[in-house]
Amino acid sequence: MSGAGGAHPDGGADGRHDEQVLDGAHPHGYLLVGPGVAPPPDVAGWPTRADLVPGATLHLQPRTVLSCERGATGTVILLGHPVDVGAGITDGHRIASRLVGTWDLRGDDALVREAAGLGGRWTLLAVSARGPEGPVHGSDLLVVPDTHATQPVFHAVAAGRLGLGSTPALVAAALGLPVDERALALLAELRELRRGAVTYLPGRLTPYAGLDPLLPNLLLRVDLGDRPGLRRERFWPWHERVGTDDVAAVHAAFRERLTAHTELLAGLGRPAVSLTAGTDSRVTAAVARHTLRARDGFAFTYVNPRDARNGRAALADVTAASAVAARLGLPHRVLRWRAPAEGGTFDRLHRRTYAPLVPSRGAAHAMWADLPRDLVQLQSNCAETGTTFYRRRTAEPLSSLRLTRIMMNATEGYEDLADDLFGGYLDFASLTPDRLLGHDHHDLLYWEQRIGRWGWQKFTDGDLGHRILLPFNDRVLLETMLSLPYPLREGKVLLERILTEVPAARVPARSAPLGESVARSVTGRLPGRLGRAAGRRIERAVTGRARRSDHERLAWARGYALLPPPELPVPAGWAQVALPGQLLTLVTHPRLPHAVREAGRSWVLVLGEPAWVEEGLVGAGPVAERLGTMLATVSLHDVQAAAATLAGSWVVALSTPGRSAVITDPLVSLGGHLTPDGRGVVSHATLAGTDPTADPGAGSVSSDELLAASGPLGLGLLSRVPLGAAVDLPERAGEAASSGLTRGERLRRHVALLHRRGPAWLGLADDPGSTRLLELLGQARGEGAPPVTALTWWDRLAPDRVAQTVFTAGGLATRQGVPHHVVGLREDVDGTDSPAGRAARAAALDALATTWGPAVSRTTPEGAELLPLGDAIDQVVPRAGVLWLGATPRSPRALGTPGGAHDTDRPAVRDLVQGVRPLALPLSDRLLDLLPEG
């Protein structure tokens, strides 16, 4: 493939953008005109060839690839990207040479059959040599489209002048054909009748009067000279359909052919697969996965946020594709469907291509603007030709009315439209029973109409910026698929077998909860009403217990309480540890790591997941051990300073006979609230029995504070002390810098420590913190560091500005070469709203309300609903995974300045995770931004 990488910035009409219009309009297209036809304005600047077709001029769009070879009886011209799947050849000149040899030896029919067996995307022009009595092969020019006419041929003869081209506008402009207002009115009526459905001009209709399409399975014979003429012929089917129910044999041939074709196409450039939740695209990704990984390929999905808000299906395409791509080891990019700027570069090239119509353009613009130009997009359309599309099948004879009803998916009505849409079509397409040779006309209608008349626009949409190639655009492959009986094709048995062989290409489904599984078992063992009733009772009982268990697991996740006797009420099931001296009791959520170390009459408590960067320690146990050793040998002041400069997510309590302190990490990520009596500390205000909205911040601990008490913890009252009065952070940073430590080196060391904890999943938004981490992790990945996956969550009902985070994050991850995973917050990964999923999300919401109090604001600063993240993360992040967040601390408050906002009055992202996976907070570090760059 030719063309440099890089996406296209949209813009105005300066010279650079004029070049982009020339490069993009009528992509990979052509125009062949006979004598006396002036070239239209759209081909100005295109290369021309007047030496290939006698008396005619061939204009080639700048990106069109031409291959030709001359033989004894004529010249074979191939426009586009032909692929000889059987021979494993993608070089157009070699393929043209083989076709010339066949033509010379065996004539027209053999040439057509050999060409018809090619894969890829192409248009064949076979120019017959002329003898004393005229063309050697009966006509001057033979035109054959690829299997689905994906690179279309529009043709007309007007006033004795010939035009043949890849888009209607080119031929119409060359010959001066008028717009067919009647056809445009019919299309407007179809759009009104089929709101939200695919619409196109069917039959032989085009936007211009006198212009015809060349349909798949038909060829065109062209007489040149003073009186040009055109004759269409159906060349396929060429033998009776041969059926079989030997699925194993058919599948072996199908798999071999599809894999070979896909790998050849993927080798023509940097490959990318257009991936959705659909079976067809997941099969393409499955067979292409090795080549995609080997050639820096990726998967992508485009989506309109409006469609996601209106229903689950649009977002399901994103989340399912994201999950499948991750399982296949492929990077995944989400593109935002969006309209182009009026008058900008894309608007101009798009209007040129599709004039006089302006079809839906949001997807085309997204691909053009966001994808690199050197891309080969593997598009999975055409698979339904070999499986099934039209499922309302009858033996009713074909007529214009029957064709109309099939197109409109109806069993009655539309008598008034039939002749306008399909009048004369059966003769035009030679679509008669004697020519179908046992093939079902429903299959051919999808092949020749749905794909042949509508599909070319979808493929051209991608061609505007790069090149679309289609693994299922292969006649040999389709004949193999069509050999199976209809019920097997309707069940997509061949595609399902591929997914069985490559299970990673299946969309992960939520497993049924225990109650449902047990209920099914009981119902199956006890037939009738008794079994159903018993099953329902068991399911209600088990489900109820599961809901209670979920609530206990998710409420006050990573919560804690340091309480003096008598204890305040705390949740059931939490661990309780009497701390040294019996003055305080530690109560912790089961998932919160903690460690206690005694040093004589003093002791250290560490909660959470701290990292001691200088010492290379990570985890509550090792850090508590080291702090305990210090507490036995140095002053509390020094131990306090060491604790304050720990990185990560933690709370440290230091107790000595003379003085004590409680210090939080710079994000206060585990929370911190004084109890009403001032002697204890809890993670959440609700654990202390107070209303967090009644007096916001009244008991909250700020990141600029520590809590101090005279004597051992639990004996005296705790009071807030400015952190700067107890710890000289600039002095600590200066000491570290004097030893050569820089900001970058400290962060790299911290990241290396965090990698010990398990596979890294970075919660990626477009905020500075997560972007900073992504850049660091992307660089480290190239230096042999463990792999990392980026993760972005999407509430499909949120405003557009929230959805933009998904698209921005995808672009950032792609540029860093980091796999990107998108999950929805309101549905399962496969897009369904299963009972188990609803129950899990309801439990999470209930636990969130319990933790923060029902009156806490439930909207984000962007105006979106505040939703738990845990269920979405639980579905995709492996159990051993660690969720990294780019939360950044507020700048430390200088001594003497008024206190800032407290950090613990409403849930942050780290709280919405609800403890379903361990957290890593690499930027939770008081020293980091005080160190010199480097």
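When I say helix, I mean a DSSP run of H or I with at least four residues, and when I say strand, a DSSP run of E with at least two, both numbered from the N terminus. What we are looking at is a predicted model, in which local features need pLDDT of at least 70 and side-chain atom pairs count only at pLDDT 80 or more, while totals for chains, interfaces and linings use all residues. Residues are numbered from 1 along each chain as its sequence is written, and side-chain values use heavy atoms, with hydrogens and water left out.

Let me start with helix α12, residues 400–407, which is mostly covered, since seven of its eight residues are buried, buried being under 20% relative accessible area, exposed over 50% and partly exposed in between, with a 1.4 Å probe and protein chains only. Those buried residues are Ser400, Arg402, Leu403, Thr404, Arg405, Ile406 and Met407. Their cover includes α4 (181–193), α13 (415–422), α14 (425–428) and α16 (441–463), and here, as in the rest of this talk, contact means heavy atoms within 4.5 Å. After α12 comes Asn409, which has a positive phi, near 55 degrees.

I turn now to the sheets, where two strands pair if DSSP finds at least two bridges between them. In general, strands of a sheet pair through backbone hydrogen bonds, either parallel or antiparallel. With axes taken as lines fitted to C-alpha atoms, for helices over the stretch in contact, and angles running from 0 to 180 degrees between N-to-C directions, we can describe two open sheets.

One of them has five strands in the order β17-β16-β15-β18-β19, paired in parallel. Its edges are β17 (332–336) and β19 (467–469), and because each has a single partner strand, one side of each is left without a neighbour in the sheet. From one strand to the next, the twist averages 35 degrees. Within this sheet, β15 (residues 270–274) and β16 (residues 298–303) run parallel and are joined by three bridges, with Val273 standing opposite Ala299 in β16. Helix α6, residues 279–294, packs on the sheet and touches β15, β16 and β18 (375–378), its direction making about 160 degrees with that of β15. Helix α10, residues 362–370, also packs on the sheet, touching β16, β17 and β18, and its direction makes about 125 degrees with that of β17.

The other is an open sheet of six strands, in the order β4-β5-β6-β9-β13-β14, with antiparallel pairing. Here β4 (66–70) and β14 (229–234) are at the edges, each with a single partner strand, so one side of each lacks a neighbour in the sheet. The twist averages 20 degrees from one strand to the next. Three bridges connect β9 (residues 141–145) with β13 (residues 218–223), and these strands run antiparallel; Leu142 is found opposite Arg221 in β13.

Then there is strand β33, residues 788–794, which is largely enclosed by the rest of the structure because six of its seven residues are buried. Strand β32 (residues 760–763) runs parallel to β33 and is joined to it by four bridges, and in β33 the bridge partner of Gly763 is Leu791. With strand β34 (residues 820–824), β33 pairs in the parallel sense over five bridges, and Trp793 stands opposite Val823 in β34.

Let me add one helix pair. The axes of α5 (residues 247–266) and α19 (residues 493–501) come within 10 Å and cross at roughly 70 degrees. These two helices are therefore roughly perpendicular to each other, on a scale where angles under 35 degrees count as roughly parallel, over 145 as roughly antiparallel, 65 to 115 as roughly perpendicular and the rest as oblique. Among the residues that make the contact are His251 and Phe254 of α5 and Leu494 and Ile498 of α19.

I will finish with one residue. Where does Ser669 sit? Its place is in the loop between β27 (659–664) and β28 (673–674). Ser669 is buried, with a relative accessible area of 2%. Leaving aside neighbours within four places in sequence, Ser669 is in contact with Arg558, Ser649, Trp650, Arg910, Asp911 and Leu921. Its side chain also makes a polar contact with the side chain of Asp665, at 2.5 Å; a polar contact is a pair of N or O atoms within 3.5 Å, where within protein one must be able to donate a hydrogen and the other to accept it, and residues adjacent in sequence count only if both atoms are side-chain atoms.
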